[in-house]
Amino acid sequence: MSQSVRTRPEGSGQALSEAYDTALLDLDGVVYAGGSAIAYAVESLATARAGGMHLAYVTNNALRTPGTVADHLTELGIPTGADDVITSAQAVARLISEQVPAGARVLVIGGEGLRVALRERGLAPVESAEDDPAAVVQGYGGPELQWARFAEACYAIARGVPWYASNTDLTIPSARGIAPGNGAAVEVVRIATGAEPQVAGKPLPPMHRETILRTGARRPLVVGDRLDTDIEGAFNGEVDSLLVLTGVTDGAQLLAAPPQHRPTYVDADLRGLLTGQPEVVEADGGFRCGGWTATAGADRLELDGDGEALDGLRSLCAAAWAVAGEGVCELDAGKALARLEL
């Protein structure tokens, strides 16, 4: 993918599982939500794998170890080895290991995934600011993470200890809805200390580097549900992306996406890996996809026609992104989106 401004979703005459050698799949909101598989995920991934596509799972969630994640996926019916799971804990551990002495102590505010990743890099996890840490690392620790852990981070950071964060996702999907993510916890420490962490996770380069090092992907496709992590991470890594609408992103957010948040392809769920993607073409003063034509009016986006709802969304993306250029589309899209019932 070039870094030129994307003004419409792309088409593909091939199934995406054939056009790309590796799918770099986000987990929360893409493969599962709250521990349960998302509809069509298991079957779609099995078909893509049988066709020769390498599947790798790339998550900003640093709570669980790769082995635990792999076991969970296998239990869901998606056979996975630990080597096929890449976490922001691994990315941040590599980043820390490059900046502190070998064997250094690192104060951990988070879960077991961080501790295992640090040990893999020869670093020593510790629990207290009194343990003379060379770094503080913060990652998602689950809803049980105690407030006192944030205070421990603050004590060390106030003494000048460098601070790292696995990721800064403000929210995380759960079975009951959208819950606070690691980014919300990072904000607590930032407000208390006035410090800024070095961040490793998506959409930043350390995570993309970790992913490519571990997968060896030559033509990867990033598959995600978040514009500000998955899609922006693909943009920063100059690789193509597929946005699925099974997680946190809705149609209005997609239409208002700035250039770095505009995916190459858009589909409802992981079945999109198994198909080609329809072309969006200029027609009738607007953009046509399938049976829909979208145009940008003076104050709102207009949608005419009928057909598959996703084709209507793709045509609206083209109309919105074209008028926005390098900015954000501010036209009202409510009436047009309501017609699609997404």
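This section describes a parallel sheet, the helices packed on it, several salt bridges and two buried loop residues in a predicted model.

The sheet is open and comprises 5 strands in the order E7-E6-E8-E9-E12, with parallel pairing. Strand E7 (124–126) and strand E12 (198–199) occupy the edges; each has a single partner strand, so one side of each is left without a neighbour in the sheet. Within the sheet, strand E6 (residues 105–109) runs parallel to strand E8 (residues 135–138), and 4 bridges join the two. One of the residues involved is Ile109, whose bridge partner in E8 is Gln138. Helix H5 (residues 112–120) packs on this sheet and touches E6, E7 and E8. The direction of H5 makes about 165° with that of E6. Helix H4 (residues 88–97) lies across E6, E8, strand E9 (163–165) and E12. Relative to E9, helix H4 runs at about 155°.

Helix H4 also takes part in a salt bridge, in which Arg94 is paired with Glu210 and the closest N and O atoms are 2.4 Å apart. Arg94 lies in helix H4 and Glu210 in helix H8 (residues 205–215), so the pair ties together parts that are 116 residues apart in sequence. Both partners are shielded from solvent by the criterion of under 20% relative accessible area: Arg94 is buried at 16% relative accessibility, and Glu210 is buried with a relative accessible area of 1%. Salt bridges with shared partners join Arg94, Glu120, Glu210 and Arg214 into one network.

Helix H8 has a buried side and a face turned away from it. The buried residues of H8 are Pro206, Met207, Glu210, Thr211 and Thr215. Viewed down the axis of H8, these residues fall within an arc of 145°, so they line one face of the helix. Such an arrangement relates to the repeat of the α-helix: with 3.6 residues a turn, residues three or four places apart point the same way. The cover over the buried residues of H8 includes strand E1 (22–25), strand E4 (54–59), E5, H4 and E12. Exposed residues Pro205 and Leu213 are carried on the face of H8 turned away from its buried side. Just after H8, Gly216 adopts a positive phi of about 65°.

In total, the structure holds 20 salt bridges. Among them is the pair Arg6 and Glu10, whose side chains meet with an N to O distance of 3.0 Å. Arg6 is buried, at a relative accessible area of 10%, whereas Glu10 is partly exposed, at 34%. Another salt bridge is formed between Glu282 and Arg8, with the closest N and O atoms 3.1 Å apart. This pair links distant parts of the chain: Glu282 belongs to strand E16 (residues 281–283), while Arg8 lies in the segment before helix H1 (16–19), 274 residues apart. Glu282 counts as exposed at 59% relative accessibility, and Arg8 is partly exposed with a relative accessible area of 25%.

Two loop residues were examined for their surroundings. Thr80 is located in the loop between helix H3 (66–75) and strand E5 (85–87). With a relative accessible area of 13%, Thr80 is buried. A polar atom of the Thr80 side chain lies 2.8 Å from the backbone oxygen of Ile78. When neighbours within four places in sequence are left aside, the contacts of Thr80 are Tyr57, Ala70, Leu73, Thr74 and Val85.

Asp225 is placed in the loop between strand E13 (220–224) and helix H9 (227–237). The relative accessible area of Asp225 is 0%, and the residue is therefore buried. Outside its neighbours within four places in sequence, Asp225 is in contact with Asp26, Asp28, Gly29, Val30, Pro173, Asp230, Leu243, Val244, Gly247, Val248 and Thr249. With Val248 there is a polar approach, the backbone nitrogen of Val248 lying 3.1 Å from a polar atom of the Asp225 side chain. The C-alpha atoms of Asp225 and Val42, which are 183 residues apart along the chain, are separated by 17 Å.

How values were computed: Residues numbered from 1 in each chain as written. Predicted model: local features only at pLDDT ≥ 70, side-chain atom pairs only at ≥ 80, totals over all residues. Heavy atoms only, no water. Pairing = 2+ DSSP bridges. Contact = heavy atoms within 4.5 Å. Axes fitted to C-alpha atoms, helices over the stretch in contact; angles between N-to-C directions. Buried < 20%, exposed > 50% of the residue type's maximum accessible area, 1.4 Å probe, protein only. Polar contact = N/O pair within 3.5 Å; in protein donor to acceptor, adjacent residues only side chain to side chain. Salt bridge = Lys/Arg side-chain N within 4 Å of Asp/Glu carboxyl O. Arc of directions from axis to C-beta.
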